[in-house]
Amino acid sequence: MDYKALGLKAGIEIHQQLNTKEKLFCHSPTVIRDSDEHYDVVQRYLRVAASEMGDVDRAAQEETMQHRLFTYYTYDTTGLVEIDEEPPAPLNREALDIVLTIAKMFDMTPLPEIHTMRKMIVDGSATSGFQRTALVALNGKIADTCRIETVAVEEEACQRVKDTIFSVDRLGIPLIEITTAPCMKTPEEVHDVAQYIGMTLRSTGRVKRGLGTIRQDVNVSIADGARVEIKGVQELDLIAEVVRREVQRQLSLLAIRDELIARNALVNGEVYDVTKVFAETQSNVLKKAKCILGTVLHGFAGLVGTEIQPGRRLGSEMSDYAKKCGVGGLFHTDELPAYGVTAEEVHILKETLGAGEQDAVIIVAATEQKCRCAMQMIIRRAKMAFDGVPEETRKMLEGGSTAYMRPLPGAARMYPETDVLPVPVTAEHFAGIEMPELLTDKVKRFATEYGMDDGMARQMAYSEQLPLFERAVAEGIRPVFAARTILASLKEASRAEGAGIISDDAVIGVMKAVEAGNAAKEAVLDILSACAKGLSVKDAIAKVAPAFSREELQELVRGIVSERVDFIKSRGKAALGPVMGVVMKEVRGRIDGKVVSEVLNDELNRIM
Amino acid sequence: MTFTNTDPVTVSFAGLEMEGIYISASGDNAVVKLKSGYNICVPETAVTAREGTPAPEKPSAQPLAQNEKLPLLSIISTGGTIASTVDYRTGAVSSKFTAEDILRSIPELAGIARYHTLQPFNILSENMNPAMWQELARTIYDEIKDGAQGIIVTHGTDTMLYSAAAVSFMLDTPVPVIFVGAQRSADRPSSDNAVNAICSAQAGVSDLGEVVVCMHATSNDTACSLHRATRVRKNHTSCRDAFQSIGRSPVGTVTYPDGKVVLADDAVKRDDVRLSLLDELEPACGLLTYYPGMNPSVLDAFKGYKGLVIAGTGLGHTGTDCIEKIADLVAAGTTVVMTSQCMAGSVCDRVYETGRYLLDAGVIEGGSMLPEVALVKLMWVLANAKDAADVKRLMQKNLKGELDVDIRGEN
């Protein structure tokens with residue numbers, strides 16, 4: 001597909017958790033808990049509040065169409081700020097400095113004063129009904145092709161346990177939000193820019209690692225389409241596919257629009273009670289319903305069921321809108337008869353509503369109030385089909401397709417956070433911020449300076465154990481040996497069944513013992529495994545591989561050689577290999593192979 | 001260049017040109033709201049005026065629709081968090097909402113009653129004073145006389161208990177008088193103002209007939225407690241359930257969202273008493289918390305006061321070195337009442353020697369009265385009692401539930 005010709009414009013917003021000691025606006029630790037460990041619950045409602053300009057945000061309004069009671073799990077690692085029972089503490093300077101560091105890496109200009117705002121989110125994921133957020137710096141560069149518009153520091157939201165139950169452990173962990181300009185023109189570029197930003201973030205060594213600690217939102221539009229914001233792409237590998245599928249969706253919606261106009265289609269918005277039509281139905285969904293309402297979309301036949309991206313139809317879009325009213329979904333005649341609805345019932349339904357060949361009928365089943373609300377939403381979405389692509393916030397589904405979440409939020413969702421004082425950022429402070437080496441530069445340096453092959457250099461630079469490696473090198477351990485120990489032995493020893501945590505000090509201790517000749521490098525894995533079971537480095541070496549001195553070795557070698565004098569004399573130099581094997585069997589892991597070979601050579605030379 | 005709030009401006013900063021709306025000055029910097037809704041702070045020199053339409057006027061508010069078949073409640077707004085919004089002058093939260101604004105922002109209220117709204121003053125509750133309590137009591141009295149079937153007073157939470165207690169003593173009310181506030185400002189989606197206000201309206205149309213404080217029963221948005229005005233304290237600086245009844249259970253509970261009101265057996269019921277107002281107060285009264293090592297000369301500060309409530313230690317004590325000064329005050333005509341820092345429980349100055357000396361010095365035992373309530377009561381008693389003996393009698397008589405029982409006289 002020629003994306004440039006389609007006028008693809010994409011931008012990304014990256015949210016990355018920062019690895020700070022405390023949360024952004026309180027003193028709780030930034031740890032994620034198992035929701036089973038919660039010790040208390042708090043129950044709250046949220047209401048839409050107007051901005052200080054007096055406007056109400058449309059996205060927020062839609063989120064509160066149902067008056068929902070939210071339940072929040074609290075922990076012994078969370079406090080009153082997370083449950084909105086105490087005013088926030090001042091902005092966490094550690095988090096701000098990480099954000100300033102990243103801003104500097106992108107060559108951005110910091111704002112002289114950081115003003116915290118409340119960004120309204122009333123879907124339950126924030127106990128206060130807003131996320132605190134502050135712009136920190138503006139206008140940066142990524143490579144030569146793209147621009148970063150803003151970086152902000154903000155609070156992470158709650159984790160959803162299920163439905164309306166949330167867990168407040170994650171709430172308040174600092175995030176950096178990086179917003180690019182809509183400067184990407186192909187799905188692959190989106191991937192590359194996201195990857196580059198991710199690498200830059202990790203270069204600081206001060207961001208959280210692991211699933212869910214980084215999330216990408218993608219803004220996508222094509223010529224004649226509309227801006228759509230797709231939230232929560234957690235895997236980088238999917239990001240290009242999400243963009244491809246969104247382009248496909250927008251193209252399909254534009255084609256549907258053209259077809260509707262060509263057919264002279266019409267949505268008159270009339271709603272009929274069709275409960276009686278299904279009085280005798282065998283459909284499980286309809287059987288249980290107190291009320292069933294229907295509407296006719298004139299000229300929509302075949303289009304409601306048209307696939308617009310894998311697994312998604314125009315009908316799915318309407319269904320997403322309807323679900324805002326608390327209904328489970330909808331049925332449309334493009335997919336019926338099915339789900340226990342018979343051809344006969346479909347026939348009567350169409351006849352009752354006066355729907356013709358070219359028309360589609362949509363029905364919803366629930367309480368009357370929910371049905372009426374859902375029908376209004378369905379009619380609204382059907383009317384939007386004439387305009388093509390609606391501006392929306394969408395969420396990613398498995399595989400890279402998306403579902404409707406809410407309208408794009410507007411400026412009305414922002415409100416000044418009156419409980420937090422502005423934080424000045426002086427030019428001196430910004431100038432004094434040290435920039436870390438980019439991981440890509442580190443990879444190059446490890447290869448040239450340390451003689452690592454490219455694979456090892458890359459693996460080491462991107463490893464979570466990079467700080468341990470850098471410490472080891474600083475303490476005089478040979479880089480390649482350190483990298484091998486950390487990437488292979490340490491990993492294997494930590495993964496073994498029943499293995500406990502092996503401290504950095506222990507790893508360094510083992511490597512130092514090897515470097516000093518007090519342990520053989522062949523024994524590193526075994527020693528580390530013993531450390532993982534709780535032994536000190538000294539005890540682990542003594543137990544697993546008591547070091548073998550040169551003198552002891554010489555004695556052993558003399559014994560072995562003396563038993564094989566005839567063999568050695570008959571074979572000459574060729575005897576080295578087999579005899580070496582016999583010796584190694586006795587001393588493997590207790591003394592360096594190189595030393596064994598030296599001592600054995602000496603002994604052979606002596607007797608030959 | 002000076003700008004005023006909502007002026008359209010252009011910001012030139014970081015190599016960018018951005019359109020925005022001027023919000024306020026911050027030192028040498030200017031705060032500007034960008035199109036994204038973010039406020040940013042840039043050097044004022046980076047801001048220039050922009051041609052453009054100023055922010056559109058807010059649509060004029062529709063008149064409130066009232067259901068004439070519902071009972072009439074008066075909402076008397078005095079300010080506080082329940083009615084607060086951001087103030088661009090200080091950047092902090094201040095009280096600006098009117099009673100009408102409250103009705104508009106909480107439409108559920110319209111299904112419970114019809115309302116007459118008025119705002120005798122609009123202040124944060126730390127700025128309240130006895131003269132305002134009097135004005136408040138008169139306003140409530142007038143509203144009831146004019147047919148209100150219940151009164152809701154929106155009030156800042158900091159000193160709500162003083163105002164509520166003061167109204168309790170000044171007013172005999174046949175209808176519920178509900179003091180309500182919020183611990184989270186009304187401009188946030190999680191504000192407790194809506195649940196508290198809706199519960200207060202439910203209490204306002206209920207069978208209750210006394211002055212109460214209606215606030216969250218727990219941290220949850222599922223119920224409010226109705227606390228007797230003379231037995232309530234704000235016991236937490238920030239939590240929703242900061243208000244707690246001391247030494248007794250709440251006189252009622254209102255569940256949300258079903259609006260069910262359950263009253264305690266000993267709650268005063270609607271029409272149990274006839275409307276009357278005795279609105280005199282003696283404001284020259286003080287409240288002193290005794291602390292170990294307190295210099296007795298602190299008591300000199302109250303010379304000339306008509307009344308002094310001491311929040312003593314434990315059963316109601318001060319250091320023995322204070323007794324002489326207390327005796328001097330009493331001799332000079334100051335009524336001194338002893339209460340306890342313990343909050344729960346009664347004062348008893350007959351157990352320990354120090355207590356007996358205090359009694360000898362002329363101190364009146366305040367029983368189980370909360371120190372703040374005793375202060376307000378003393379102001380009312382001093383303005384309404386016939387003589388010194390009557391002051392003592394009234395201070396030790398349970399007038400509005402402030403005492404568990406009348407204190408038995410001992411000669």
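Buried means under 20% relative accessible area. The close-up views below come from a predicted model.

**View 1. Asp187(B), a buried loop residue with polar partners in chains A and B.**
Asp187(B) lies in a loop of chain B. Strand S12 (177-180) precedes this loop and helix H4 (193-204) follows. The relative accessibility of Asp187(B) is 7%, under the 20% cut-off, so the residue counts as buried. Its side chain makes two polar contacts shown here. One joins Asp187(B) to the side chain of Arg118(A), at 3.3 Å. The other joins Asp187(B) to the side chain of Ser185(B), at 2.6 Å.

**View 2. Strand S13 of chain B, paired with S12(B).**
Strand S13 of chain B spans residues 211-216. Six of its six residues are buried, so the strand is largely enclosed by the rest of the structure. S13(B) pairs with S12(B) in the parallel sense. Four bridges hold this pairing. In one of them, Phe179(B) has Val213(B) of S13(B) as its bridge partner.

**View 3. An open four-stranded sheet in chain A.**
The strand order is S2-S3-S10-S9, and the pairing is mixed. Strands S2 (40-44) and S9 (159-162) of chain A stand at the edges. Each has a single partner strand, so one side of each is left without a neighbour in the sheet. From one strand to the next, the twist averages 30°.

**View 4. The S3-S10 pairing within the chain A sheet.**
Strands of a sheet pair through backbone hydrogen bonds, either parallel or antiparallel. Strand S3 (residues 70-74) and strand S10 (residues 165-167) of chain A run parallel. Three bridges join them. Among the residues involved, Thr71(A) has Ile165(A) in S10(A) as its bridge partner.

**View 5. Helices H14 and H15 of chain A, crossing obliquely.**
Two packed helices are described by the angle between their axes and the distance between the axes. Helix H14 covers residues 479-495 of chain A, and helix H15 covers residues 504-515. Their axes come within 11 Å and cross at roughly 130°. That angle makes H14(A) oblique to H15(A). The crossing is right-handed. On the H14(A) side, the contact residues are Phe481(A), Ala482(A), Thr485(A), Ile486(A) and Leu490(A). They meet Val507(A), Met511(A), Val514(A) and Glu515(A) of H15(A).

Key. Residues numbered from 1 in each chain as written. Chains lettered and ligands numbered in written order. Predicted model: local features only at pLDDT ≥ 70, side-chain atom pairs only at ≥ 80, totals over all residues. Heavy atoms only, no water. Pairing = 2+ DSSP bridges. Helix = DSSP H or I, 4+ residues; strand = E, 2+ residues; numbered from the N terminus. Axes fitted to C-alpha atoms, helices over the stretch in contact; angles between N-to-C directions. Buried < 20%, exposed > 50% of the residue type's maximum accessible area, 1.4 Å probe, protein only. Polar contact = N/O pair within 3.5 Å; in protein donor to acceptor, adjacent residues only side chain to side chain. Parallel < 35°, antiparallel > 145°, perpendicular 65-115°, else oblique. Left-handed = near helix turned anticlockwise from the far one by under 90°. Contact = heavy atoms within 4.5 Å.
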